[in-house]
Structure formats: C-alpha cells, structure tokens
Amino acid sequence: MNLLIDNRTDEPLTAELEDAIRRAAAEALRYEEFDEDCEISVSIVDNEEISEINRQFRSIDRATDVLSFPMLTFAEGEEAEVNENDEIVLGDIIISLERAKEQAEEYGHSLKREIAFLTAHSMLHLLGYDHMEPEEEAEMFRRQKEILLQAGFPRE
C-alpha cells in the first residue's frame, strides 16, 4: 500500500495520527482481502476546505467529517487505473481535522480513534461499499467495527 498523506492544515499532524491512518487503511485492505499494490491519497484539511469540497462535489454547503472519492466501482470487467508504479489507484480520502476533534470530544474518545474510524469508514467507500440503504449501512458499520478492533482501536 502506497499511502500518501497530505496535511493541508496549519496544525502539524502527529506521528500518532499518521500511524492511526496507516493502521486503519492497512487493516481495511487486509480485512477486505484486497492484496493488490495500491495507492491511496489522504488529505487532512480544515472545515473551510472540506466545506468548499463538499459544496463543489456534492452540492452540500457545510463542513463534514470525511469525504471519499473512489476511483473504482468494482463492476465486473472494470479496468483499474494504475499509477507510474503499476499500483491500482483506489482513490482519495479527505478528513477534516477540525470535525474529527469535535466528534472525538462529542463521542468521548481520543482523536486518534476518531481519525482511525474516519479512515476505516472512507476505506470501505474506496473498496466499493456504501450506506444509502439501511441494510448496506448496517453491513458497512459492522465491517468498520471489526476493522477498528483488529487494527487495535477498540471503542474507548
């Protein structure tokens, strides 16, 4: 896994938070048995930037916690885009550090756990999952919980 992390905030991204992103992403790939060489881009932004991206791509004029931009639909016969290293480009994850901090406080757990949760959630989107229907949502949340537990992020 080639994980590209781009911190676009004024706040430094700690090694602990980078590790949480890496562990959650790697465990999601392992859990889903996706063993192809792949590239994933993770951008850490503030509420203002994620609000603009949300407005531009989803016509929703507000900040959100995480956005996922998958490059694959996992349809039969689909040709995956590859980068210059022949790695499958899975897609982009955009996390609002501000919203993650707010949610960590709201849910009573660490920022590290919230960042891992948002990464696992977004990785499932990159791997073809969605939560538009109640059954899909239940399945996605079950998988997220298992990924987080296996990656060492129990509910605090």
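A residue counts as exposed when its relative accessible area is over 50%, and as buried when that area is under 20%. Asp35 has a relative accessible area of 66%, so Asp35 is exposed. This structure is a predicted model. Asp35 sits in the loop that links α1 to β2. Its C-alpha atom lies 17 Å from that of His125, and 90 residues separate the two along the chain.

Two other loop residues can be read with the same cut-off. Ser59 belongs to the loop between α2 (47-58) and β3. Its relative accessibility is 66%, so Ser59 is exposed. Ser59 is not a glycine, yet its phi is positive, at about 55°. Asp86 is found in the loop between β3 and β4. Here the relative accessibility is 59%, which is over the 50% cut-off, so Asp86 is exposed too. Asp86 is not a glycine either, and its phi is positive at about 60°.

Now turn to the sheet. Strands in a sheet pair through backbone hydrogen bonds, and the pairing may be parallel or antiparallel. In this model four strands make an open sheet, and their pairing is mixed. The order across the sheet is β1-β2-β4-β3. At the edges are β1 (2-7) and β3 (66-70), each of which pairs on one side only. From one strand to the next, the twist averages 15°.

Follow the pairings of β4. Strands β2 and β4 run parallel and are joined by eight bridges. One pair to look for is Val45 with its bridge partner in β4, Ser96. On the other side, β3 pairs with β4 (residues 88-96) in the antiparallel sense, over five bridges. There, Leu67 has Ile94 of β4 as its bridge partner. Phe69 stands opposite Asp92, also in β4.

Two helices pack on this sheet. Helix α1 (residues 15-31) touches β1, β2 (38-45) and β4. The direction of α1 makes about 145° with that of β1. Helix α3 (residues 97-107) touches β2 and β4. The direction of α3 makes about 65° with that of β4.

How many of the nine residues of β4 are buried? Eight are, so the strand is largely enclosed by the rest of the structure.

A helix pair comes next. Two packed helices are described by the angle between their axes and by the distance between those axes. Helix α4 (residues 111-126) packs with helix α5 (residues 134-150) at an angle of about 130°, and their axes are 10 Å apart. That angle makes α4 oblique to α5. The crossing of α4 past α5 is right-handed.

Which residues of α4 make the contact? They are Arg113, Ala116, Phe117, Ala120, His121, Leu124 and His125. From α5 come Met140, Phe141, Arg143, Gln144, Ile147 and Leu148. By class, the contact of α4 with α5 has eight nonpolar, three polar and two charged residues. His125 ties back to the opening: this contact residue of α4 is the one whose C-alpha atom lies 17 Å from that of Asp35.

How values were computed:
Residues numbered from 1 in each chain as written. Predicted model: local features only at pLDDT ≥ 70, side-chain atom pairs only at ≥ 80, totals over all residues. Heavy atoms only, no water. Pairing = 2+ DSSP bridges. Axes fitted to C-alpha atoms, helices over the stretch in contact; angles between N-to-C directions. Contact = heavy atoms within 4.5 Å. Parallel < 35°, antiparallel > 145°, perpendicular 65-115°, else oblique. Left-handed = near helix turned anticlockwise from the far one by under 90°. Nonpolar A, V, L, I, M, F, W, Y, C, P; charged D, E, K, R; others polar. Buried < 20%, exposed > 50% of the residue type's maximum accessible area, 1.4 Å probe, protein only.
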